[in-house]
Amino acid sequence: MSKRKKWWRRGVAAASIAVAVAAAILVPAAKGQAVDSGGAYLVGAPWSIVGMSTWEIFWHNSQSGQTKKWYMRHNGVFEQQDVDDENFHLTLIGPPWSIAGVGEFGMSQDKDLLWHDSSSNETQIWYLGSEADAQGVPTTYIVDRRFVTDESGQPMIIGLPWTIVAVGDLNHDGTADIVWHNSQTNATQAWFMDPAHDGSQIKLRVDVVDENGQEIFIGAPWSIVGSSDIDGDGHADLVWHNSQSNATQIWFMNGNQIVRRPTVVDESGQPVFVGAPWSIVGSSDIDTDLTGDIVWHNSQSNETQIWFMNGNQIRERKDIVDIEAPPPPPPPPPPPPPQVHTYTVQNCDSHATSAGAAFGPSKSVWVNDITGNTGFREMAVLQGFPVGEQCGVGGFSPQTFVFNATAGHTYELRVIDYAIPPNCTTDSPNGCRPLDVTFQGNAGGQNPVTAVTG
Ligand SMILES: [Ca+2]
Ligand SMILES: [Ca+2]
Ligand SMILES: [Ca+2]
């Protein structure tokens, strides 16, 4: 038995998504690939939705034969997995086989695929499981395949004018049942599948009957487009659509008997009419609130939309979006505008400037952005302090320098005299003797000084 594993957010190899397609045909986007401007996840031919079950939507590619499963979180696709075979190799299956539905037939806890062969008229179940493959990649794979048999275990060979129109647990025994429709007689028939045979053997075949127990014959322009437990009573219900009036109707079922059949109404309670290019592609409980929802696809825009239902009333309509791709990072905040700090430098120690090398020319202001850990960088070259200067005494003007400061950063200021040997160079203040000077500036004369905002 395969246990369902929760590998949330795990990805699949992008190579498993890419397929050769004709121009102008949209395919499932690779991870992180942009979707349309409205955010909808656009997927269309040759991909089509072939079945769904609780929080899962299955797609098949009619060109490559690939089958893919979407895991849904509300209206978002949060993970995709290919369906692999028993040896974890990609399965490529196409006509005359086609997927007729998805349901829990047995064997594993994963929902299973029901296939029908339009040539041999065989019906086959693929029991699916989920495990990590040899590379540790989460994978949906085929646990077993069995042909559907009749009540005595003999292969069932059934085809046109009968077609499988839905898969759902009509009789609430935990095993999916198969709903057939006859396009000539317009009869609808349910095969209740036997849980004792992993749902591969028919337990009972019954015609669908109306509220009074009479066999009911409904056909075109009506057709069955999906089955799930819309009202949450445990019995799968049948979703019908009328291709002429564009009405949608639900047959709430109790086994093979109709309990009631209301028309689907919109959020305000009015009958809703939606048709081509939209079509219903299935019904299942996408948002796992224990009531079935209805899934639509638009063959022109390639949108897929979910009607989250409250009985026969639409509660909410949402386009499916791709939430696999991480959201784009927010744009970085704009850097704060640099501040121009103006400082004056004076010789304000206890000694007046006197003639000599120490206060001669080639004085340089070095600034170390302590916050930014930049080290000392030369910011300005000063003229030599005039002889006799001491805090402006003697009529000498202080020398001015400016530097761009980042608000909140703390700077240490030094005045270096290159004239002092031996290791003092213009490339580095190391070895240079900092002069004992006082800075006067717009931060109040401290050293170090913290630049303020504004
Ligand atoms: Ca059942
Ligand atoms: Ca129901
Ligand atoms: Ca639901």
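**Reading metal sites and ring pairs**

Author: Trp296 and Trp307 are both buried, and, as we go on, please keep in mind that the model is predicted.

Reader: How should I read the calcium site, and which residues coordinate the calcium ion (ligand 3)?

Author: One starts with the donor atoms and their distances. Here the calcium ion (ligand 3) is held at 2.2 to 2.7 Å by OD atoms of Asp285, Asp287 and Asp289, by the O atom of Thr291, and by two OD contacts from Asp293. Along the chain, these donors follow the spacing D-x1-D-x1-D-x1-T-x1-D.

Reader: What is the geometry of the site of the calcium ion (ligand 3)?

Author: The general idea is to compare the angles with ideal ones, which for six octahedral donors are 90 or 180 degrees. In this structure the 6 donor atoms of the calcium ion (ligand 3) make angles of 51 to 165°, and the site is irregular.

Reader: Are Asp285 and Asp293 buried or exposed?

Author: Burial is judged by relative accessible area, with buried meaning under 20%. Asp285 has a relative accessibility of 8% and therefore counts as buried, and Asp293, at 0%, is buried as well.

Reader: Turning to the aromatic residues, how many aromatic pairs are there?

Author: The count comes to 11 aromatic pairs. A pair is read from the distance between ring centres and the angle between planes, and angles that are neither under 30 nor over 60 degrees count as tilted. Trp97 and Phe147 have ring centres 6.5 Å apart and planes at 35°, so this pair is tilted. Because Trp97 lies in strand β5 (residues 97-103) and Phe147 in strand β8 (residues 138-147), the pair ties together parts that are 50 residues apart in sequence. Trp97 is buried at 18% relative accessible area, whereas Phe147, at 36%, is partly exposed.

Reader: What, then, is the arrangement of the rings of Trp296 and Trp307?

Author: Their ring centres lie 4.6 Å apart with the planes at 45°, so the pair of Trp296 and Trp307 is tilted. Trp296 belongs to strand β18 (residues 293-298) and Trp307 to strand β19 (residues 304-310), and the pair links these distant parts of the chain, 11 residues apart.

Reader: Which residues do ring pairs link into a cluster, and where does the charged end of Arg260 sit?

Author: Tyr41, Trp59 and Trp70 are joined into a cluster by ring pairs. As for charges over rings, the charged end of Arg260 sits over the ring of Phe252, at 4.0 Å from its centre, and Arg145 lies over the face of Trp126, 5.0 Å from the ring centre.

Note on methods: Residues numbered from 1 in each chain as written. Chains lettered and ligands numbered in written order. Predicted model: local features only at pLDDT ≥ 70, side-chain atom pairs only at ≥ 80, totals over all residues. Heavy atoms only, no water. Donors = N, O, S within 2.8 Å, 3.2 Å for Na, K, Ca; no water. Tetrahedral: all angles 85-135°; square planar, octahedral: opposite > 155°, others 65-115°. Buried < 20%, exposed > 50% of the residue type's maximum accessible area, 1.4 Å probe, protein only. Phe/Tyr/Trp six-rings, centres within 6.5 Å; stacked < 30°, edge-to-face > 60°. Helix = DSSP H or I, 4+ residues; strand = E, 2+ residues; numbered from the N terminus. Lys NZ or Arg CZ within 6 Å of the ring centre and 35° of its normal.
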